[in-house]
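This briefing goes through the strand pairing, the nonpolar cores and the largest pocket of one protein chain. Please keep the structure in view while reading.

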Amino acid sequence: MKKLFSAILAAAILVAALASCSHDKSKENNGEQDIESENIESTGGTTDNKDIILPKTYTEEETLHIDLSKDIKEQLERKADVKCIVISSGAESIPDNAFAECKGIEKVVIPSGITQIGVNAFTGCSALCEVIFPDTLTFIGAGAFCGCTALSEIALPDSVTTIRDYAFSACTALEKAEIPESVKEIETNAFSHCTNLSDVLIHKGVESIGSNAFFGCTSLESISIPDSVTQIGAGSFRGCSALSEIFIPHSVTKIYTGAFSDCRSLEKIDVDENNGIYSAEDGVLFNKYKTMLVAYPAGKSDMAYTIPESVTFIGNEAFFANTHVAEIVIPESVTAIDWWAFSGCTSLAKIAVPSNVTAIGTYAFENCTSLSEVTWGDKICTINEYGTLKEKQ
């Protein structure tokens, strides 16, 4: 069930990402201003109001200057083979859905003066491979570049403070992303399902990594979490199957459920010794005083593991999808086992639950295919259809 749940969750998030690319959300941009000039200059990632230097690969017929104060759709219809969009200066924001599903656009030059990119502004622009951002930009709306499957790199200016949910989700060609220190929160699913994303630089200044922010980034091998981050959201790195290790800085005060679940190559989680909330031992994540086992890495290859005697609670998805461990020893100190705690531990063949355990969450032993019986105190139990224990008759 949990395996099925994970597949459904992944599919649901991808569908949600694509859905966010195709419908309006609440307005997040300011009104446009009259255009005064159409002349801007490409400066390798930022723009100002000088004459633009167009790439030689784009002819005049392939280039379109867009006046945001006028009907954008009508302007786009003037040229059938537009590949390069040059937004004229004078406006402060790019409207919601402005260039959504413009599948022939390869490059966009955004002028200085633009502070906001609206909801789904460039969503589904599947040929878009280059965006020149101005150093006046502060806000990137929900789904703004969602599904831009040719976009391979983004360099955001230091002026950006907000990256909304699904902003770069499902950009499957994206290999490199740099988050400036001006950004305080990487919001929900901001980079989810960027399956080629292998290089992420998060600058110190970012305080929160949102739920599923990097969900399904299967090429991400390492991530450096700066010591400005205080919260790591639920499922934020779920399914990052190439991720091999994680270091939790002293600043982190909250790690939500499943933040590192289903990371099949993750061998260890380390924690700064000055962290006041979390700790690690032998690559396993605990709360500070080791009364709660938070996460046992899915890629940790030990065949057997003995839970420390200080532990009283085994957390949600604690051992989820570790296919290596065959024996787990639970001490008498444990009184509760949360949902999906051992779900997907397909090699687990030996485990005994102490009689002191009074609560076992649903799906705790779901898909433990090598486990036919479990001793719970003096009872012999089988695993029912909900992944919990049922006394054998």
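Two strands are taken to pair if DSSP finds at least two bridges between them. On that basis, strand β20 (residues 278–281) and strand β21 (residues 284–287) run antiparallel and are joined by four bridges. The model is a predicted one, and the points below are grouped by topic.

**The β20–β21 hairpin**

- With two residues between them, β20 and β21 form a hairpin, and Asp282, which lies in the turn, has a positive phi of about 55°.
- Within this antiparallel arrangement, Tyr278 stands opposite Asn287 in β21.

**The parallel sheet**

- Strands of a sheet pair through backbone hydrogen bonds, and the pairing can be either parallel or antiparallel.
- Eight strands make up an open sheet with parallel pairing, and their order is β5-β7-β9-β11-β13-β15-β16-β18.
- The edge strands of this sheet are β5 (93–94) and β18, each of which pairs on one side only.
- Inside the order, strand β15 (residues 208–209) pairs with strand β16 (residues 231–232) in the parallel sense over two bridges, and Ile209 stands opposite Ile232 in β16.

**Nonpolar cores**

- The largest nonpolar core holds 75 residues, and those with the most contacts inside it are Phe99, Phe191 and Phe214.
- The elements that give two or more residues to this core are β3 (63–66), α2 (72–76), β4 (84–87), β12 (176–179), β14 (199–202), β17 (245–248), β19 (268–271) and β22.
- Leaving aside residues up to four places away in sequence, Phe191 touches Ile154, Phe168, Ser169, Leu174, Ala177, Ile179, Ile186, Leu197, Ala213, Phe214 and Cys217.
- Apart from the largest core lies another core, of 31 residues, among them Tyr305, Ala341, Ala364 and Trp376.

**The largest pocket**

- Rolling a probe the size of a water molecule over the atoms shows where empty space is left.
- The largest pocket has a volume of about 350 Å³, and 27 residues line it, of which Ile255, Tyr256, Thr257, Val294 and Asn316 lie nearest its centre.
- Two or more residues of the lining come from each of β18 (254–255) and β22 (292–295), and β22 gives the most, with three residues.
- By residue class, the lining of the largest pocket divides into 17 nonpolar, six polar and four charged residues.
- Strand β22 thus appears under two topics, since it gives residues to the largest nonpolar core and also to the lining of the largest pocket, while β18 is an edge strand of the open sheet that contributes to that lining.

How values were computed
Residues numbered from 1 in each chain as written. Predicted model: local features only at pLDDT ≥ 70, side-chain atom pairs only at ≥ 80, totals over all residues. Heavy atoms only, no water. 1 Å grid on protein atoms, 1.4 Å probe; cavity = no way out; pocket = protein on both sides within 12 Å on 5 of 7 lines; lining within 4 Å. Points joined across faces, edges and corners; volume = space filled by probe spheres on them. Nonpolar A, V, L, I, M, F, W, Y, C, P; charged D, E, K, R; others polar. Core = buried A, V, L, I, M, F, W, Y, C linked by side-chain atoms within 4.5 Å. Buried < 20%, exposed > 50% of the residue type's maximum accessible area, 1.4 Å probe, protein only. Contact = heavy atoms within 4.5 Å.
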